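Here are some questions and answers about the empty spaces in a structure and the molecule held there. Please look at the model first.

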Amino acid sequence: AVPAREQWTGQIGFILAALGSAVGLGNIWRFPGVAYENGGGAFLIPYLVALLTAGIPILFLDYAIGHRFRGSAPLAFRRIAGKLGEGVGWFQVMICVFIAIYYTAVLAWASSYFVFSWDLRWGDDPAGFFTGDYLQVAAAPITFDFVPSVLIPLVIMWIVALVVLGAGVVKGVQRANVVFIPLLVIGFLILVIRALFLPGAIDGLTAFFTPDFAALADPSVWIAAYSQIFFSLSVAFGIMVTYASYRRRRVNLTAPGLVVAFGNSSFELLAGIGVFSTLGFFAHQQGIGVGELEGLTGVALSFMTFPAIVSQMPGGEWFGALFFGALVLAGLTSLISILEVVIAAVRDKFGLTRAQVVYGLGGVLAVVSILLFATTSGLTALDTIDNWANNIGIVASAIAVSIVILWVRRAGPELAGHLSVLSTFKVGRIWLALVSVVAPVVLVYMLVSKIVELLTDGYSGYPTAYLGIAGWGSVLLMIVGAVVLTATRWRHDPELFEPWP
Ligand code: PHE
Ligand code: NA
């Protein structure tokens, strides 16, 4: 018998899963700092423009491709544009492989810090504790000594993710999101409300929202807005294609898309309010201005600045546990979505069962992740691969989709029709112009300026040879992987998972 493609049980299951993918580390540790550094309150203008002109239109494009052509990224793109399309799909899969490998490491750290919160384990020097006692960062970028404090949570995170994925789309992915997302929202709301009542919170909020309209004249502010939107909505890496392929035949596509997009942005804004209230308290404690604080984004914000703040707060143990618990839940649901892209693609092409791919290939990825990131050089590698995968990989992939699907194969009108037939919110010429002209133009500009910047200035002061291997080498491996995977024979009859008639 022909196995039917797995399906979400309903609209809510899909929305929660898609929201779970979108709401991730980027909302909590990336958005607040990026907004603050790029115009504060004024950043909301380029951010909204990026959301409306590129984020939501490309989100719809992903949904239309995944649903109409009913496949993982390589299968769906192959059905639209043959081998060239399949290659773009595998490139997205390769990006997901790289991201999954380091994203899990960050989750492992967050889960350690959830435990550390209860006894403020980081002591008086949280920054020194993080790179020293905890990560044991080596002086040279490449040394492979195991760090047991990271190894254990990393193994646990991989087991949790693979067990959820092994249980399937409904019993695993959907169920995990149905439990985790409400838990995340409730926990995070408590955190933000607590933060608002801290002394100095208002100074933090003032710093966050005060608009610097002059910043809007700077192109780099607009680039920051577009790249935040792309990363934050999880578009153009095959995730939304894959998730949409598990929807029923007759479904509204655009309305849930709007719910996911605005839900994700609301969570981002909420995180900005929570994080900056907390930073306001920190500045207040030290009797300095919020502007003098450092370490306001990413790894530094979460694992250095936040622990220092938690230590100074009455009841800080709870606050820390809520913060790191939120990071784990937000990150875990995103990680699951990234891995599902890989699993679905390999299943579609090679005709394997879910269990074979999850525990076989998933196990291999887990081992690679552990070898790379449970060692003393983990932090440097993570930082480098993250920068290249996001700023080069995803942007290039979004450009490739637009060129191959909309310009070479001219599938735009068909996809617009597909989106509009069943959906309440219809799309037409404006949508088509946004995805085929506006977004790619912005993306090409972003890609070129990023490549020039990386080639001329390097990155984070790391040695050039190291960046060549870890950064550019990663992108090269993604391309080579995509070419090889496209060239291999389909073991699985692609018609087995038929597209909707
Ligand atoms: N969208 C997620 C966030 O905002 C990040 C993510 C990246 C999710 C890649 C899936 C894949 O953090
Ligand atoms: Na997000």
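**Pocket, cavity and ligand**

Q: Which helices each supply at least two residues of the lining of the largest pocket?
A: They are α2 (25–37), α4 (73–117), α9 (219–233), α12 (298–312), α15 (378–408) and α17 (429–457). The largest share, 8 residues, comes from α15. Helices here are DSSP runs of H or I with at least four residues, numbered from the N terminus. This is a predicted model, in which local features need pLDDT of at least 70 and side-chain atom pairs pLDDT 80 or more, while totals for chains, interfaces and linings use all residues. Residues are numbered from 1 along each chain as its sequence is written, chains are lettered from A and ligands numbered from 1 in the order written, and side-chain values use heavy atoms, without hydrogens and water.

Q: What makes a residue part of the lining of the largest pocket?
A: On a 1 Å grid over the protein atoms alone, a pocket is an open set of points with protein on both sides within 12 Å along at least five of seven lines, and a lining residue has an atom within 4 Å of a point. For the largest pocket there are 37 such residues, with Arg-30, Asn-387, Asn-391, Lys-450 and Tyr-459 nearest its centre. The volume of this pocket is about 1100 Å³, a volume being the space filled by probe spheres set on the points, which are joined across faces, edges and corners.

Q: Why is a space called a cavity rather than a pocket?
A: A cavity is a set of grid points where a 1.4 Å probe fits but cannot get out, whereas a pocket is open. The search of the whole structure finds 6 cavities of 30 Å³ or more. The largest cavity holds about 130 Å³ of space, and Ser-21, Tyr-103, Phe-231, Ser-234 and Ser-334 lie nearest its centre among 16 lining residues.

Q: How do you know that ligand 1 sits in the largest cavity?
A: A molecule sits in a cavity if more than half of its atoms lie within 2 Å of the grid points. Ligand 1 is assigned to the largest cavity, so it meets that condition.

Q: What makes the approach of Phe-231 to ligand 1 a polar contact?
A: A polar contact is a pair of N or O atoms within 3.5 Å. A polar backbone atom of Phe-231 is 2.9 Å from a nitrogen atom of ligand 1, so the pair qualifies. Backbone N or O atoms of two other residues also qualify: Ala-22, 3.0 Å from a nitrogen atom of the ligand, and Leu-25, 3.1 Å from an oxygen atom. Taken alone, ligand 1 exposes 320 Å², of which the protein buries 100%, by the Shrake-Rupley method with a 1.4 Å probe.

Terms used:
Polar contact = N/O pair within 3.5 Å; in protein donor to acceptor, adjacent residues only side chain to side chain.
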